[in-house]
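Biologist: Could you take me through the aromatic rings in this one? I'd like a close look at how they pair up, and at whatever else catches your eye along the way.

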Amino acid sequence: MRKELNQIIEKLQSSHRLEREEYLQLLNHQKEVQDQLRDLARAEMEKHFHRKIYIRGLIEISNICKNNCYYCGIRRGNKNLHRYHLSMEEILEAVDFGSQLGFQTFVLQGGEDPRNDRDFYLEIIRAVKAHNPQAALTLSIGEWSYEDYKAFKEAGADRFLLRHETRNKAHYRKLHPEEMDLDRRIQCLRDLKSLGYQTGTGIMVGSPYQSKETIVEDLLFIQDLQPEMVGIGPYVPHEDTPFGKEAPGSVDLTVFLIHILRLMLPNANIPATTSLNTLSHRGRDRAIDGGANVYMPNLTPAKNREDYSLYNNKACFKVEAGENLEDLKKLMADMGYEVVMSRGDFEVKNV
Ligand code: SF4
């Protein structure tokens, strides 16, 4: 078996592609191969990113969402949440604050808030770009039509994050109400790619009803899509959702999947996500030491930060906060990594 596992790992390292059964073998033998994959993923990250950690400033612009995903704390059915919606001025203030700190990439993330229509986004994209012509702008604002994505791109948006969450239809249905549609979400991702966005996708690791088989489907989808970014984090339950009593996802498995993703997509941007640190004080560091190359400090106005409550106990005030950037730099330097502020545009190609 060990010989067979080594062959699979060598194949992933050299061709960056595996078959369904091969991914399944890795997942079935996680314990035996975790350290080996970590070392290879770390070496791959060093080869492409030279131990540099790229920083993105995250601005959570609205916690209002018309959707009702069963796992999400800001779902429309949650009546226990104080809702907020940042004004144009507040968003620009957050961007300016980040610019003063040296941020050159901003991620505008929010629920699918009916008040934030296409015109709102066109105006905000143009305004952010006018304030910071050099900065890269990432949107993480859900599902839109091809024409809307095209208009956002033409207005200046560079990147788009849209986690697919699961590629398995039955699993998707367990996580989302009837009015939501996996095919539509997958089409959105294909539209974003075809429009030339640097496109990001990803999953929650350990979401209810997930299995090794569904994770393999996710890996095959990511391998096929070739996204420029992949964001994965452990599922963290939120008490005011139908899944509030479910167990959280595994940090170990999340970090293991980061190793696999780094070998699959050597020069993709892979963040060490906040949810890793919410569940384990070493979660972020293990991700960075095992292939991740991006960190996203929070630039949301402090008064709103806790209300962007996708899950419980979100870490957002310590080293996760934009204003504590110097602490993050020191922490990363202690681990032998350098925090860099540049945009970090990478072409994803199998190398
Ligand atoms: S996961 Fe996204 S789309 Fe679903 S309820 Fe939460 S913010 Fe809305």
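**A look at the rings**

Modeller: Let's start with a cluster: ring pairs link Phe-120, Tyr-121, Trp-144 and Phe-152. Keep in mind that this is a predicted model. The count of aromatic pairs comes to 10.

Take Tyr-70 and Phe-243 as one of them. Their ring centres are 6.2 Å apart and the planes sit at 85 degrees; an angle over 60 counts as edge-to-face, so that is what we call this pair. Now look at where the two partners come from. Tyr-70 is in the loop between β2 (57-62) and α4 (88-101), while Phe-243 is in the loop between β9 (233-234) and α10 (251-264), so the pair ties together parts that are 173 residues apart in sequence. Are these two buried or exposed? Tyr-70 has 25% relative accessibility and counts as partly exposed, whereas Phe-243, at 7%, is buried.

Next, try Tyr-149 and Tyr-197. This aromatic pair is edge-to-face too, with 6.5 Å from centre to centre and 75 degrees between the planes. Tyr-149 belongs to helix α6 (residues 146-155), and Tyr-197 to the loop between α8 (182-194) and β6 (198-201), so this pair ties together parts that are 48 residues apart in sequence. Tyr-149 is buried, at 0% relative accessibility, and Tyr-197 is buried as well, with a relative accessible area of 2%.

Rings can also have a charge over them here. The charged end of Arg-51 sits over the ring of Tyr-337, 4.1 Å from the ring's centre. Lys-174 does likewise with Tyr-209: its charged end sits over that ring, 4.7 Å from the centre.

Away from the rings, have a peek at Asn-293. You'll find Asn-293 in the loop between α12 (283-288) and β10 (294-295), and it is buried, with a relative accessible area of 0%. What does its side chain reach? The side chain of Asn-293 gets to the backbone nitrogen of Ile-270 at 2.7 Å. A polar contact of 3.0 Å also joins the side chain of Asn-293 to that of Asn-269.

Last stop, the ligand. The residues surrounding the ligand are Cys-65, Asn-67, Cys-69, Tyr-71, Cys-72, Ile-74, Arg-75 and Gly-111. Sorted by class, that shell has 5 nonpolar, 2 polar and 1 charged residues.

Methods:
Residues numbered from 1 in each chain as written. Predicted model: local features only at pLDDT ≥ 70, side-chain atom pairs only at ≥ 80, totals over all residues. Heavy atoms only, no water. Near = heavy atom within 4 Å. Nonpolar A, V, L, I, M, F, W, Y, C, P; charged D, E, K, R; others polar. Phe/Tyr/Trp six-rings, centres within 6.5 Å; stacked < 30°, edge-to-face > 60°. Helix = DSSP H or I, 4+ residues; strand = E, 2+ residues; numbered from the N terminus. Buried < 20%, exposed > 50% of the residue type's maximum accessible area, 1.4 Å probe, protein only. Lys NZ or Arg CZ within 6 Å of the ring centre and 35° of its normal. Polar contact = N/O pair within 3.5 Å; in protein donor to acceptor, adjacent residues only side chain to side chain.
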